Structures are given as structure tokens and as C-alpha cells.
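User: Hi! I am new to protein structures and would like to learn how to read one. Could you walk me through it?

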2 protein chains.
Amino acid sequence: MTGRNGGADLVAIEPSPVVILVRPQLAENIGAAARAMGNGGLFHLRLVAPRDGWPQERAWRMGSGAHRILEAAQIFESVAAAVADLHRVFATCPRPRHIIKPVLTARGGAAEIVAVGARGLRAGVLFGPERAGLDNDDIAQADSLIRYDLNPGFMSLNLAQAVMILGYEWWLARGDESPMREMETHGTRVATKAELDNFLAHLIRECDAVGFLKNEQKRPGMVRNLHHLFQRGEVTRQELNTLHGIITDLRRGPK
Amino acid sequence: MTGRNGGADLVAIEPSPVVILVRPQLAENIGAAARAMGNGGLFHLRLVAPRDGWPQERAWRMGSGAHRILEAAQIFESVAAAVADLHRVFATCPRPRHIIKPVLTARGGAAEIVAVGARGLRAGVLFGPERAGLDNDDIAQADSLIRYDLNPGFMSLNLAQAVMILGYEWWLARGDESPMREMETHGTRVATKAELDNFLAHLIRECDAVGFLKNEQKRPGMVRNLHHLFQRGEVTRQELNTLHGIITDLRRGPK
């Protein structure tokens, strides 16, 4: 079902979400994902710790003309670094998990991405490694989950197929004349993930300092829960500044 | 993004449309298409003249657990044979063509497939070879076209991705509580493609016999146009019987 190879025309259609492949294993799948991105009009590709390094010639071979997407791909060492400049992060997650975050369908997620973009905010979507999927720490970086409505009797979804469905729904959602949502933040900017991480690091550092996280076995889960708590919904810069102040003052004790 | 491998659970969810891969080139793509079918809950796979023969071990390797779909695949020598027992055929077709048939989106096509199935009729969807896509003779076998709403700047859509989008939309369309459509045919059965082909063969044989199609250069186009004419919308068996009678009687001349 190949038409003309339109790779030369590939440009970013803004605002366009970032596709973040987390620890992808096969370069072929990265190439196939880039091709699917081209089909759906997506352009921004980020790779977190690709297993076999980058660049890989096999990705270009499978990309079928999506060279510009592959050439513009950015590499990061961690999910946190890859989402640092984003305002809203979605995690694709096939299995039910005991994580309290909003769960959207692909269609609902695409509509949300379009709405986020219409407000001038940058969105990104995390896709996990081929075998294991995203782990709990990856998912902790996300605001919402996207769970595809597909046959529960056959969950083995190829990485590029997962990207394709998102791109397809995003392309359709863009076409809808959805009115721009009213700004919910009343003048103050939504915090980026880096600003949020900076705050969480501050919070956890102080928790450690006061011995709140001293149980080594429970510590990872508690840290993750703190991440979840603040990732749920948008936090503004002003709110973060307030929270920073509270922590600092709590630690310093009464003046 | 792989979950548990649910291949053992794969069963046909009826009524479920037939996926027909026309002259597929790469066994890997057949396997990937079968996997996508599993994701979307589709089960019935037909192959028309696969280039490298069948079965091919590479298909099973790419099928990622969709073995049952591959094992149940049926092989045909022609599109006509592959659609013979179907009542409604859709052709996926990425490029605009000068063919007068209804054109649906993937979403619209999926809704139509569900509606057709709810009436007890069998539907099938044609997917063309990787490079060239469906040719005009293939498309002539279809009632309607399905054209995906995707980035026109990058039309190179992988075969398995095309199957994935259809399966995804079909799975969603099934979930909608769409009321069963009223039977439009008032008691008489919709003709299968074999019954329609039998009629068209009769019609063309008689046209040839009377010299109507004697222009050898124009003949293929005219035959195709006759096919298009009768494929447009459903023809009932009773109507076909009437048409058969008309042709027979026209040929015999006045009693």
C-alpha cells in the first residue's frame, strides 16, 4: 500500500507532540516508528538509551523515506532528561497497573494532546521497550496513561504499530474543529517537567535529610508515589515556587 | 510495548471481516499483518497469489504469536476467487483514482463493516501489494473504497500498518452500540460476489456474442465499467435472476 515516497516533504506540523521511545531495542523498530510518525504527521522523535546505540543504519533502511525524522532525532540518557522541557507527558501502557493516574484511550489521548498544544504547551508520549514495556519509574514521569482499546486476547502490540495508532488519532484529532480550551492557569506558566523534577529533588533531599525516607526497602516506592502525586494534573511555576518555599522553611524551622 | 503473548486465545470474533492481502511480496509483512489482525480482533486472512509462495517460515517469525491466524489463512489465485463468497468488499486505496465508487474513511469503513456484519452478511477488505497497491482490476471487485485520513505529505504506508488501522477502527466500531440497521433487501438475500460474477460473465459473454465488445482496445475498460456498475451497492439474488432472464431473453430474441 505504498504511495509516492513523500519523505522530502516531511516537516513538523506545529504544535506537534514529541514521540519518546524509551530504551528501544531494535533499530528496525525505531525506523518503522519514524515511518509511522511520518504517516501521522508527527515529526519530533526522542530516544532514551537505545540499546544498540545511535545512529543505526538499519533504522534508516526501515524508515522508508522518513529520513528527516531520524536525522532530527534527539538522544537522552534518561526519561527525566527526555521530558525535561515538556509540559505534559503521556505514557502508553498496555496492562492495568496499580497506578493512580488518569487513563485515556488513544482517541481521548490524542484529543488531549491537541488541546494541550492549542494552549501553547509542549506534550510528549512515552513508548516502552519492545519486550517489557515502560516500568514504574518511567510511568512516574507521566501525567496520564494512554491505554489502547484493542483485543485483550492478543496484547502483543508492535512498537511501530503503537506509534501508528497514536499518529493516526492525532492526525484525526487535529482535523476536528475543537475550540481552544480556556486557559486554566490564569496567567502563570505551567511548570515544565524539569522545573517539577527540580522541586521533587528538593523535596526528596529534605525528606532524606530529616529521615522521612530512611526505610531503604520502602524508599523507592515512596519516592515514586511522591512523583505520581505531583505529576497528577498540571502544576504551575508559581505553585512550585510556593512549595519550594514551604519545604525550605519547614526545614529551617521557626525563625 | 509487548504484553503477554495471547496467541493461544486467538479466535474469530463473529461477524468478523476477511482481510485479503492481494499479491503480497514479503512474508514478513504477511506475518506483521497477522499480528496486527490479532491486535484488532480480526481472524480471517486470505492471500491472493503471494509472491514467494505459502507457507513461509518468515511470516510465522514476524507473526509474534498470531499463529492461528496464519495457520487458518486461505490462498487464492485471483481476487475474484478470494471474494467469491463475500457480500460486501472494500478496497483500501491511498491515492485518488478516477473510479466512481463510494469512498470512506477508515472509521467510516469500519462502521459500515460492522453494520454489514450485523445483517448477517460477510465483508472483506482488500489490501494491495507493498509497492504498487491495488490495480484497477482489483478495485473493480470492490463495492467501496477506504481511504485513510493520514499525512498527505508522506503516503508510504506499511502494509501491516494499514491492516492495523483497519483492525483498530473495527474493534472500536464493534464497541459502539450502533443499532442494527433495518434490512434493506426485504426478504431476498444479497448476492454473493460469486453470484454477481456469474451474472457478469453471462452479461459479457452475451455482449461478446452480439459484437458489443468487439473493439479490442476498448474492451478491457468497458468490461471494468460493467463490473463497477454492478458492484456499486448491493444487488440481491432475485435482482440477478431477473437480469439473467433479461439477458437470456434479449439474446434469444422474440419468441
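User: How is the sheet of chain B ordered, and is its pairing parallel or antiparallel?

Analyst: Start with the general idea: strands of a sheet pair through backbone hydrogen bonds, and the pairing is either parallel or antiparallel. In chain B, seven strands make an open sheet, and reading across it gives E3-E2-E1-E6-E4-E7-E5, with parallel pairing. Two strands count as paired if DSSP finds at least two bridges between them. Helices (H or I, at least four residues) and strands (E, at least two) are DSSP runs, numbered from the N terminus.

User: Which are the edge strands?

Analyst: In chain B they are E3 (74-76) and E5 (103-104), each of which pairs on one side only. Keep in mind that this is a predicted model, where local features need pLDDT of at least 70, side-chain atom pairs count only at pLDDT 80 or more, and totals for chains, interfaces and linings use all residues. Residues are numbered from 1 along each chain as its sequence is written, chains are lettered from A and ligands numbered from 1 in the order in which they are written, and side-chain values use heavy atoms, leaving out hydrogens and water.

User: How many bridges join E4 to E6 in chain B?

Analyst: Four bridges link E4 (residues 88-92) with E6 (residues 123-127), and the two run parallel. To find your way there, look for B:Arg88, which stands opposite B:Ala123 of E6(B).

User: Which helices lie on this sheet?

Analyst: Among them is H7 (residues 159-175) of chain B, which packs on the sheet and touches E1, E6 and E7. Contact here means heavy atoms within 4.5 Å. The direction of H7 makes about 155° with that of E6(B). Axes are lines fitted to C-alpha atoms, for helices over the stretch in contact, and angles run from 0 to 180 degrees between N-to-C directions. Helix H5 (residues 106-118) of chain B lies across E4, E5, E6 and E7 (144-146), at about 165° to E4(B).

User: Which residue other than glycine has a positive phi in chain B, and where is it found?

Analyst: Look at B:Arg23, with phi near 45°. B:Arg23 sits in the loop between E1 and helix H1 (27-40), and it is partly exposed at 29% relative accessibility. Buried means under 20% relative accessible area, exposed over 50%, and partly exposed in between (1.4 Å probe, protein chains only). In chain A, A:Ala49 has a positive phi of about 45° and lies in the loop between E2 (44-48) and H2 (57-63).

User: Is the peptide bond from B:Glu14 to B:Pro15 cis or trans?

Analyst: That bond is cis, with omega near -5°, and B:Pro15 lies in the segment before strand E1 (18-22) of chain B.
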